[in-house]
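Please look over the sequence and the fold shown below before reading on. The paragraphs that follow begin inside the protein and move outward from there.

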Amino acid sequence: MEQVLTLAPGPTGFRPVRPAELPLGALVLGRPVAEVADLLPRLFNLCRMAQGIAARMALGLPHDEDRPALTAEILRDHLIRLSVTLPPLLGLPARAPAGDPLDILFGPVRGLPVDLVGLRRWLDAGEGTAPLVAAIALAFAPGDAAVDLPYVCPATALHVTAVENSAAGRQASHPLLRSVAARHGRGPLWRVLGMLADAEAALAGRLPPPVADRGIARVPAARGTYALMLRQAGGLVTAIERVTPTDHLLAPGGALDRALAALPVAKRHLAPLVAALHDPCMAVKVEEARHA
């Protein structure tokens, strides 16, 4: 059954209402470790390689051969979002992400600009995904839908709390993202540029590696860092904890909560776009306000 995130209207703007979660414990506890490693990626539609690698790492099973497929999955997700999903929300045509990824993303410059001057030149040239980025920059003023949260770290990866766990957060040290955050805040423009920086890092082989320690795995995924803890005894899974970028995004006071609260009243019609830029890994439905 498809999960749907509802944007419910309130007196100060929209708030995200998350659907019920799958009872993972009932589905995996007591099962053989190899069976669980195969099952977890099939339970969810997206980021299957990330979830499969995390399961195998947490259970001490082989996983190294899947690293290239993980990088390809992250790049493919970014290409689809930047070429197919986001453009229609801004009145731009979707296009199939076929061909050289660097050309699709950046055009002849074949890389993300490193400063605001270079960004302006790239946007003016209109190559690659520049029309999408320019439309986002035009739609949102500095501070609109901006969020300032601590970045996810090993200590918070497996806790559902309000942290920044996203592709943009992973690439926050990129010089262009630092400049955009300082001038515009960590809002829509920062997020779309973060996807581009992350795609560029994937193509250059610069994504952080998956890591595991004492049954806890942390794996890069298109939407941020995926964390999974599995315990086993006698070849059977005895405990599970799973925290995804969506869990952090939708935590109380999390990034989507705060972004929607920071969206001006006159721009509330852009709430679906704000949600799509945060990418909650599920369909989004906007609930109409009820009038007496």
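In this predicted model, a convenient place to begin is Val192, which, once residues up to four places away in sequence are set aside, touches Leu82, Leu132, Val133, Ile136 and Leu277. Val192 is also one of the residues that touch the most other members of the largest nonpolar core, a set of 82 residues in which Leu40, Val192, Leu193, Leu196 and Leu230 hold that position. Helix H10, residues 188–203, gives the most to this core, with ten residues. A second core, separate from this one, consists of seven residues, among them Val152, Ala157, Val163 and Val243.

What surrounds these cores can be described first in overall terms. The protein has 13 helices and seven strands, and buried residues account for 50% of its 292 residues. Its C-alpha atoms fill a box of roughly 60 × 55 × 35 Å along the principal axes. A compact globule with 292 residues would have a radius of gyration near 19 Å, and because the protein has 19 Å, the two agree. Of the contacts between residues at least 6 apart in sequence, 63% join residues that are at least 24 apart.

Among the strands, three form an open sheet in the order S2-S1-S7, with mixed pairing. Strand S2 (13–17) and strand S7 (283–286) stand at the edges and have a single partner strand each, so one side of each is left without a neighbour in the sheet. On average, and with direction ignored, neighbouring strands of this sheet are turned by 30° against each other. Strands of a sheet pair through backbone hydrogen bonds, in either a parallel or an antiparallel sense. Here strand S1, residues 4–10, pairs with S7 in the parallel sense over four bridges, and Val4 has Ala283 in S7 as its bridge partner. Lying across S1, S2 and S7 is helix H13 (residues 271–278), which runs at about 140° to S1.

The charged side chains add another set of links, for a search of the whole structure finds 13 salt bridges. In one of them, the side chains of Lys267 and Asp144 meet at 2.6 Å, N to O. Lys267 lies in the loop between helix H12 (255–261) and H13, while Asp144 lies in the loop between helix H7 (130–139) and helix H8 (167–170), so the pair ties together parts that are 123 residues apart in sequence. Asp144 has a relative accessible area of 8% and is therefore buried.

A further salt bridge joins Glu164 to Arg191, with the closest N and O atoms 2.8 Å apart. This pair, too, links distant parts of the chain, since Glu164 is in the loop between H7 and H8 and Arg191 is in helix H10, 27 residues apart. Glu164 is buried because its relative accessible area is 2%, and Arg191, at 4% relative accessibility, likewise counts as buried.

How exposed are the partners in the salt bridge between Arg214 and Asp213, whose closest N and O atoms are 3.2 Å apart? Arg214 has a relative accessible area of 70% and is therefore exposed, whereas Asp213, with a relative accessible area of 41%, is partly exposed. Elsewhere, salt bridges that share partners join Asp77, Arg81, Arg223 and Asp279 into one network.

Conventions: Residues are numbered from 1 along each chain as its sequence is written. This is a predicted model: local features need pLDDT of at least 70, side-chain atom pairs count only at pLDDT 80 or more; totals for chains, interfaces and linings use all residues. Side-chain values use heavy atoms; hydrogens and water are left out. Two strands pair if DSSP finds at least two bridges between them. Helices (H or I, at least four residues) and strands (E, at least two) are DSSP runs, numbered from the N terminus. Axes are lines fitted to C-alpha atoms, for helices over the stretch in contact, and angles run from 0 to 180 degrees between N-to-C directions. Contact means heavy atoms within 4.5 Å. A nonpolar core is a set of buried Ala, Val, Leu, Ile, Met, Phe, Trp, Tyr and Cys residues joined through side-chain atoms within 4.5 Å. Buried means under 20% relative accessible area, exposed over 50%, partly exposed in between (1.4 Å probe, protein chains only). A salt bridge is a side-chain nitrogen of Lys or Arg within 4 Å of a carboxyl oxygen of Asp or Glu. The radius of gyration is taken over C-alpha atoms; the globule rule is 2.2 Å times the number of residues to the power 0.38.
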